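Here's a short set of exercises to work through with the model open in your viewer. Try each task before you read its solution.

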Amino acid sequence: MNKKLKLLILCGLPLLTLACYLLAKPVPSLIPAVLAFPFRQIVMLTRFLAGKGAVGNGLAISIIAVSAAVPSLFALRSERTRNTRPERVVLCLLSVAIAGVLYTSSRLNSDGPRTVVSWGNRSISLSIFAFGVITIWAIVLLYLVLVLVRKVRSGEPKLLLRYFRGLLVVSCALLTLSASASFLDAFGLLAKFESRNADAFIGFFVKFLRILPGIFTILVILKALRYFSASEESAFSDSGKKLCRMCCISLAASTAISAIANIVLYIAFRVSASAELSPGFKLELPLYPMVCVFAVLLYVRIAEEKRKLQEDNSLFI
């Protein structure tokens with residue numbers, strides 16, 4: 001993936017999130033449809049066929065069976081070794097989950113009970129079917145993680161580097177999506193308050209501060225991708241120093257921002273005890289961004305020390 005394509009994706013994700021946020025109110029079914037794709041379309045087709053008599057019922061059952069059998073076919077075609085056993089078990093579990101979600105949803109005219117999820121000043125109604133589809137995608141993610149773990153354990157250094165770079169790109173995209181959604185959520189909550197008083201702006205300010213550690217992590221990942229590109233050209237000393245500097249800045253800034261946010265919110269809540277601040281009152285640390293950045297920093301330092309050792313050995317010989 002070249003640099004222009006990565007920048008295009010990173011710029012397009014916030015715009016896509018903004019579009020979903022703006023359309024969530026006039027088109028309430030948009031976000032549930034996005035979350036339930038493509039299983040929502042399969043359920044609609046099976047419901048249509050189920051009302052066409054015995055032939056339609058047979059076709060509907062056949063569509064559900066074929067859809068559920070696809071993961072099992074991949075499990076049968078994969079290597080039957082001890083290392084791939086967890087992956088095959090997860091694929092069979094995925095077939096069962098797809099069959100259960102599609103069959104139970106196709107038998108009913110509705111998608112089951114609904115629950116309301118707030119996103120800023122938007123209220124999104126999600127059905128049990130949507131949660132079932134999210135469960136299916138969670139099992140798919142588990143399968144991909146198991147495949148990645150197996151390849152990491154048995155891969156060569158160049159192959160591991162390729163997987164690591166791909167993982168960084170995916171993580172950067174997900175963090176960008178999460179930061180965009182969190183910012184819209186904070187801005188929506190500010191617009192939701194009837195009175196734009198100091199407590200409302202403090203709540204927005206604290207929520208915005210909590211987004212910054214994720215943004216610093218995105219910057220670290222972009223620096224890391226540039227570092228790996230430079231390492232392939234055997235001229236990555238300067239890139240390694242810049243990446244280490246960015247990691248240190250990110251760790252220090254994330255911790256400081258978290259402390260500032262907690263102090264501001266604590267003092268504001270103790271002074272006013274406002275109902276607008278109480279839902280956001282929680283002392284927290286950016287543990288996941290810090291762990292991610294620290295892992296990158298540790299990797300870079302080990303790689304730099306290994307490179308210096310190899311250079312010293314070559315000079316000695």
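**Exercise 1.** Find which residues of α3 are buried, and work out how they are arranged around the helix.

*Solution.* Start with burial: F39, V43, T46 and L49 of α3 are buried, where buried means under 20% relative accessible area with a 1.4 Å probe, protein chains only. Next, look down the axis of α3: these buried residues fall within an arc of 130°, so they line one face of the helix. (The arc is taken over the directions from the helix axis to the C-beta atoms.) The background is simple: an α-helix has 3.6 residues a turn, so residues three or four places apart point the same way. Finally, see what that face meets: the buried residues of α3 pack against α4 (53-77), α5 (85-107) and α6 (128-154), with contact meaning heavy atoms within 4.5 Å.

A word on the ground rules: this is a predicted model, so local features need pLDDT of at least 70 and side-chain atom pairs count only at pLDDT 80 or more, while totals for chains, interfaces and linings use all residues. Residues are numbered from 1 along each chain as its sequence is written, and side-chain values use heavy atoms, leaving out hydrogens and water.

**Exercise 2.** Check the span of α3 and of α5 against the expected value.

*Solution.* Helices are DSSP runs of H or I with at least four residues, and strands are runs of E with at least two, numbered from the N terminus. The expected span is 1.5 Å times one less than the number of residues. For α3, with 12 residues (39-50), that gives 16 Å, and its end C-alpha atoms are 16 Å apart, which agrees. For α5, with 23 residues, expect 33 Å; its end C-alpha atoms are 33 Å apart, so that agrees too.

**Exercise 3.** Which helices pack against the buried residues of α5?

*Solution.* List the buried residues, among them V90, L94, I98 and V101. Their partners are α3, α4 and α6.

**Exercise 4.** Which residues touch the most other members of the largest nonpolar core, and which helices supply it?

*Solution.* A nonpolar core is a set of buried Ala, Val, Leu, Ile, Met, Phe, Trp, Tyr and Cys residues joined through side-chain atoms within 4.5 Å. Of its 19 residues, L168, V220, A224, L243, C247, V296 and V300 touch the most other members. Now map the core onto helices: α7 (157-192), α8 (198-232), α9 (237-272) and α10 (287-316) each supply at least two residues, and the largest share, 7 residues, comes from α8. A second, separate core of 15 residues includes V43, I64, F129 and I139.

Note on methods. Buried means under 20% relative accessible area, exposed over 50%, partly exposed in between (1.4 Å probe, protein chains only).
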